[in-house]
Amino acid sequence: MRQLPHMNELAAKPGLHVVGLYSQVQPLDQIEHVLKKYEVKYPLTPDVDVFGAAGYLAPALPKVWIVGVDGTIIFIGNKDYDELLEKELAKVKYPGLGKASVHKDLEPAAKAYGEGKYAEAYKLAEKVYDETDDDAAEEDADYIMERIDDRMGSLSVRAETAEVIRNYQVAIACWNELATKYAGLEDAEEAPERLKKLKDSEEVKKDLEARHALLALMMSLDVEYQKTDDSDAAQILAFRKKCLADYRKFYADNKDNSAGDRAEELIENFEKLIPADERSEDPKKEEPPKKEPGTDGK
Amino acid sequence: MLRTLCLAALLALMVAPAFAQETKELKVGDKVADFTPRDWINQPTFESFSELKGDVIVLKAWGIN
């Protein structure tokens with residue numbers, strides 16, 4: 001955990017992105033307590049099966065994968081990578097631009113882009129584009145403007161789609177990026193209002209709380225799962241029945257939000273794992289799960 | 001070995017050792033592999049690591065204990 005401040009420092013470096021792959025099984029509130037204590041702001045996911053299936057396997061922790069500017073993995077290990085990282089970061093002249101060099105007339109625009117000043121970068125690039133006779137300069141100006149336009153377009157589409165499917169975390173993150181980093185650009189004009197609307201919405205707040213509660217429930221069940229004996233069929237069955245009961249109760253309390261939709265999927269899958277004669281259709285017939293601190297999803 | 005309860009793992013009745021055998025571990029030189037988690041803490045706005053190409057990415061697997 002002493003590496004968390006170090007990861008925070010790395011995450012603050014322009015041109016470097018840190019992604020956390022949470023690889024142990026603990027209750028969500030314990031993990032969140034640590035993240036809050038160390039002010040961890042970079043994204044992380046506890047979906048170990050998902051990132052594990054992608055090849056990020058870590059039988060021992062911690063483990064680091066460094067991806068270079070060309071998109072390939074340049075390091076895998078857990079120590080002695082600072083020098084390599086600095087060397088690779090030195091190649092990133094304009095963070096986020098995807099280009100290491102530009103025509104000299106576009107250097108101010110590229111520099112502004114690298115500093116996250118996208119409105120300024122756009123205006124500088126547009127000025128060069130309008131005034132230059134140099135094809136190379138025109139090409140780089142167009143590249144910068146198009147990159148900004150494409151990014152704004154992607155964020156807008158993502159935000160709109162996320163709102164439709166009630167993935168409000170994604171919607172809020174995208175509108176927020178548009179509102180803060182692209183302020184002053186026409187295509188980002190509606191972002192502040194869209195963001196405010198989501199943040200002020202009681203329905204959105206309840207949906208986010210429900211998603212959080214479901215994640216907490218899933219992770220608490222993961223903790224319990226660690227204590228089961230894989231070779232004991234009766235234990236596994238009892239555990240699955242408990243999961244089914246817990247998800248059914250969650251669904252009953254959250255039918256009107258997106259977490260309820262997900263709980264419904266989980267119920268369907270657990271029903272497939274439990275023989276029909278062992279299943280009870282009426283949640284009230286299931287023995288109420290023993291309430292332990294941190295396991296009730298609240 | 002860590003045993004976790006994602007949907008796919010339950011359906012397949014897999015435990016981690018079996019799961020690990022079927023997954024090809026990434027090695028140096030490989031292209032960065034994308035993944036799409038159901039859950040994020042501190043939601044990112046990128047969907048694919050290809051959006052970050054040109055920059056440096058550090059992925060770190062860690063835990064509290």
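**Notebook: salt bridges and the A–B contact**

I began with A:K242 and A:D246, which stand 4 residues apart in helix α11 (residues 233-253) of chain A and are therefore separated by about one helical turn. Helices (H or I, at least four residues) and strands (E, at least two) are DSSP runs, numbered from the N terminus. I note that this is a predicted model, in which local features need pLDDT of at least 70 and side-chain atom pairs count only at pLDDT 80 or more, while totals for chains, interfaces and linings use all residues. Residues are numbered from 1 along each chain as its sequence is written, chains are lettered from A and ligands numbered from 1 in the order in which they are written, and side-chain values use heavy atoms, with hydrogens and water left out.

**Entry 1: salt bridges within chain A**

I found that A:K242 and A:D246 form a salt bridge with their closest N and O atoms 2.6 Å apart; the term requires a side-chain nitrogen of Lys or Arg within 4 Å of a carboxyl oxygen of Asp or Glu. I then checked burial (buried is under 20% relative accessible area, exposed over 50%, partly exposed in between; 1.4 Å probe, protein chains only). A:K242 is buried at 18%, and A:D246 is likewise buried at 9%. I also traced one network of salt bridges with shared partners, made up of A:R151, A:R158, A:E177, B:E47 and B:E51.

I next looked up A:R194, whose side chain meets that of A:E160 in a salt bridge (3.0 Å, N to O). A:R194 lies in helix α9 (residues 191-200) and A:E160 in helix α7 (residues 135-164), both of chain A, so the pair ties together parts that are 34 residues apart in sequence. A:R194 is buried at 19% relative accessible area, whereas A:E160 is partly exposed at 33%.

A third pair, A:E88 and A:K91, has its closest N and O atoms 2.9 Å apart. Here I recorded A:E88 as buried at 8% and A:K91 as partly exposed at 46%. Over all chains I count 27 salt bridges.

**Entry 2: the contact between chains A and B**

I list 89 residues from chain A and 54 residues from chain B in the contact (heavy atoms within 4.5 Å). The area buried between the two chains is about 6,800 Å², with 60% of it from carbon and sulfur atoms. A:H17, A:V19 and A:D49 supply 10% of the area that chain A buries against chain B, more than any other three residues. Buried area is the accessible area (1.4 Å probe) that two parts lose on being put together, summed over both.

I count 6 salt bridges between the chains. A:E265 and B:R38 form a salt bridge, at 3.5 Å between the closest N and O atoms. Strand β1 (residues 16-22) of chain A gives the largest share of the side of chain A that touches chain B, 7 residues.

**Entry 3: A:K63**

I located A:K63 in strand β3 of chain A. This strand (residues 63-67) runs antiparallel to strand β1 (residues 56-62) of chain B, and 5 bridges join them; pairing requires at least two DSSP bridges. A:K63 stands opposite B:A61, and counts as buried at 11% relative accessibility.

Which side chain of chain B does A:K63 join in a polar contact? I found B:E25, at 2.7 Å. The side chain of A:K63 also reaches the backbone oxygen of A:L57 at 2.8 Å. A polar contact is a pair of N or O atoms within 3.5 Å; within protein, one must be able to donate a hydrogen and the other to accept it, and residues adjacent in sequence count only if both atoms are side-chain atoms.
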